[in-house]
Amino acid sequence: MKTAFISGITGQDGAYLAKLLCEKGYEVHGGVRRISHQENARLEALGIADEVTLHEFDLADSNNVFRVIREVAMDEFYNLAAQSFVGASWELPVYTSDVDAMGVLRVLDTLRTLRPDTRFYQASTSEMFGLVQEVPQRETTRLYPRSPYGVAKVFGHHMTMNYRESFGMHASSGILFNHESPLRGTEFVTRKITLALARIARGSDEILTLGNLDAQRDWGFAGDYVEGMWRMLQQPEADDYVLATGITTSIRDFVRFAAEALDMDPEFSGEGIGETAIDRKNGRRILQVSKKFFRPAEVDQLIGDASKAREKLGWQPRVTVRELAEMMARADYDALA
Ligand code: NDP
Ligand code: GDP
């Protein structure tokens, strides 16, 4: 039986990965940081809260990272913990860098010292491509991050490569494009959309208020993506891989897919911050745009090329963006029953 440690186990990916590894017979340990209330909602939602062993773990605290890695005899370390919200990273640039950049180094260097044979996975991101230098983006595309989050993740990404090349560690980075699920954080645009539309479908008189509707993302399902993380660590050699669907969709179209899943018939009109949408079925306004949700710098068109992962890992996404929007909208709608 293998033992895995997942930092960020309370997050969206942490919960799906913990479930996958439990199903594969792993002994699963996870890191949770000290907060003022207990928040195991995602592990409970997937029915595995009692199957995993939790440890107090904070990437910002070197001594804590050292102690946890010393205590848990782990074969695999999945570093999923991060200040993961791009929008907040302009307000919290120093904290975001401490956790998302230096935190990776704290783990890598402790593993190098205490457990150099542990296989390491780093949660890299398509946000590193930022102002895209090539379409679609692949492992070799030049990085041009556009947010403090993206810049910090570039550091973690290169440090992972550096520890692999300098010390021969089995350290891999997954450059994952956006992936969502009914367990996605409510501040991210997909979940914000499905939650608000579900409430509107249940009779709420709120209006969904968004920022840039023209931004495009390559969205997949988190459950598919954690399978790719695991496959990376089963390879004889560590390497870096893009995981993506290869299909990019605008925020506007994601709204359309989610609304249609809830039996609405959205009609968009106007432009820029004057754009709105109504539900043709009853004439009710369901969407408006506000400057408040625009970003200081935008990543406009992310679209990934996952052919390396397909060829070497045998990985491919199974859920389409429309199915994803439906899954999320239905889950939010049902939860409000
Ligand atoms: P979430 O925000 O859902 O989860 C992040 C996790 O990190 C939570 O468990 C959180 O704990 C934990 N965490 C935050 N700060 C710290 C800290 N200082 N020390 C220890 N733990 C901390 O993110 P996702 O699950 O969606 O993403 C997982 C990883 O993948 C992240 O690194 C993210 O940046 C990256 N990524 C995600 C993508 C996506 O589309 N989802 C795309 C590409 C990369 P708490 O529950 O207490 O907040
Ligand atoms: P990100 O790709 O990790 O930044 O994921 P998000 O879901 O936070 O944002 C995806 C895109 O949606 C970005 O280009 C945002 O500018 C855009 N967007 C438009 N309106 C909103 C909004 O109200 N909230 C968020 N989070 N993003 C929005």
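A polar contact is a pair of N or O atoms within 3.5 Å, and Glu 127 makes one with ligand 2, since a polar atom of its side chain lies 3.0 Å from an oxygen atom of that ligand. The model discussed here is predicted. It holds an open sheet of seven strands with parallel pairing and an open sheet of four strands whose pairing is mixed. Ligand 1 is surrounded by 26 residues, and ligand 2 has 17 residues around it.

**Ligand 1 and its shell**

- Among the 26 residues that surround ligand 1, the closest are Thr 10, Asp 13, Arg 33, Ser 84 and Tyr 149.
- Ser 84 places a polar side-chain atom 2.5 Å from an oxygen atom of ligand 1, and an N or O atom in the side chain of Lys 153 is found 2.9 Å from an oxygen atom of this ligand.
- The backbone takes part as well, with an N or O atom of the main chain of His 179 lying 2.9 Å from an oxygen atom of ligand 1. On its own, ligand 1 has 900 Å² of accessible area, of which the protein covers 90%.
- Helices α1 (12-23), α5 (93-114) and α6 (148-167), together with strand β5 (119-125), each supply at least two residues of the shell around ligand 1; the largest share, three residues, comes from β5.
- By residue class, the shell around ligand 1 divides into 11 nonpolar, nine polar and six charged residues.

**Ligand 2 and its shell**

- Of the 17 residues around ligand 2, those that come nearest are Lys 192, Gly 211, Arg 217, Arg 295 and Glu 298.
- In the side chain of Arg 217, an N or O atom is 2.7 Å from an oxygen atom of ligand 2, while a polar backbone atom of Val 189 stands 2.8 Å from an oxygen atom of the ligand. Taken alone, ligand 2 exposes 530 Å², and the protein buries 97% of that area.
- The shell around ligand 2 is made up of eight nonpolar, three polar and six charged residues.

**The seven-stranded sheet**

- The strands of this open sheet follow the order β3-β2-β1-β4-β5-β6-β11, and their pairing is parallel.
- Strands β3 (53-56) and β11 (240-243) stand at the edges with a single partner strand each, so one side of each is left without a neighbour in the sheet. From one strand to the next, the twist averages 20°.
- Within the sheet, β4 (residues 76-79) and β5 run parallel and are joined by four bridges, and Phe 77 stands opposite Phe 120 in β5.
- Helix α1 packs on the sheet, where it touches β1 (3-7), β2 (27-32) and β4, and its direction makes about 175° with that of β1.
- Helix α3 (residues 62-71) also packs on the sheet, touching β1, β3 and β4, with a direction at about 150° to that of β3.

**The four-stranded sheet**

- This open sheet has the strand order β8-β15-β14-β13, and its pairing is mixed.
- Its edges are formed by β8 (208-210) and β13 (266-269), each of which has a single partner strand, so one side of each is left without a neighbour in the sheet. Neighbouring strands are turned by 20° against each other on average, direction ignored.
- β13 pairs with β14 (residues 276-279) in the antiparallel sense over four bridges, and Phe 268 stands opposite Ala 277 in β14.
- Helix α7 (residues 189-201) lies across β8 and β15 (284-289) and runs at about 160° to β8.
- Helix α9 (residues 251-261) lies across β8, β13 and β15, running at about 155° to β13.

**Backbone details in two loops**

- The peptide bond from Val 135 to Pro 136 is cis, with omega near -5°, and Pro 136 belongs to the loop between β5 and α6.
- Asp 263 has a positive phi of about 65° although it is not a glycine, and this residue lies in the loop between α9 and β13.

Terms used
Residues are numbered from 1 along each chain as its sequence is written. Chains are lettered from A and ligands numbered from 1 in the order in which they are written. This is a predicted model: local features need pLDDT of at least 70, side-chain atom pairs count only at pLDDT 80 or more; totals for chains, interfaces and linings use all residues. Side-chain values use heavy atoms; hydrogens and water are left out. A residue is near a molecule or strand if one of its heavy atoms lies within 4 Å of it. A polar contact is a pair of N or O atoms within 3.5 Å; within protein, one must be able to donate a hydrogen and the other to accept it, and residues adjacent in sequence count only if both atoms are side-chain atoms. Accessible areas come from the Shrake-Rupley method with a 1.4 Å probe; for residues, only the protein chains shown count as cover. Ala, Val, Leu, Ile, Met, Phe, Trp, Tyr, Cys and Pro count as nonpolar, Asp, Glu, Lys and Arg as charged, and the others, Gly among them, as polar. Two strands pair if DSSP finds at least two bridges between them. Axes are lines fitted to C-alpha atoms, for helices over the stretch in contact, and angles run from 0 to 180 degrees between N-to-C directions. Contact means heavy atoms within 4.5 Å.
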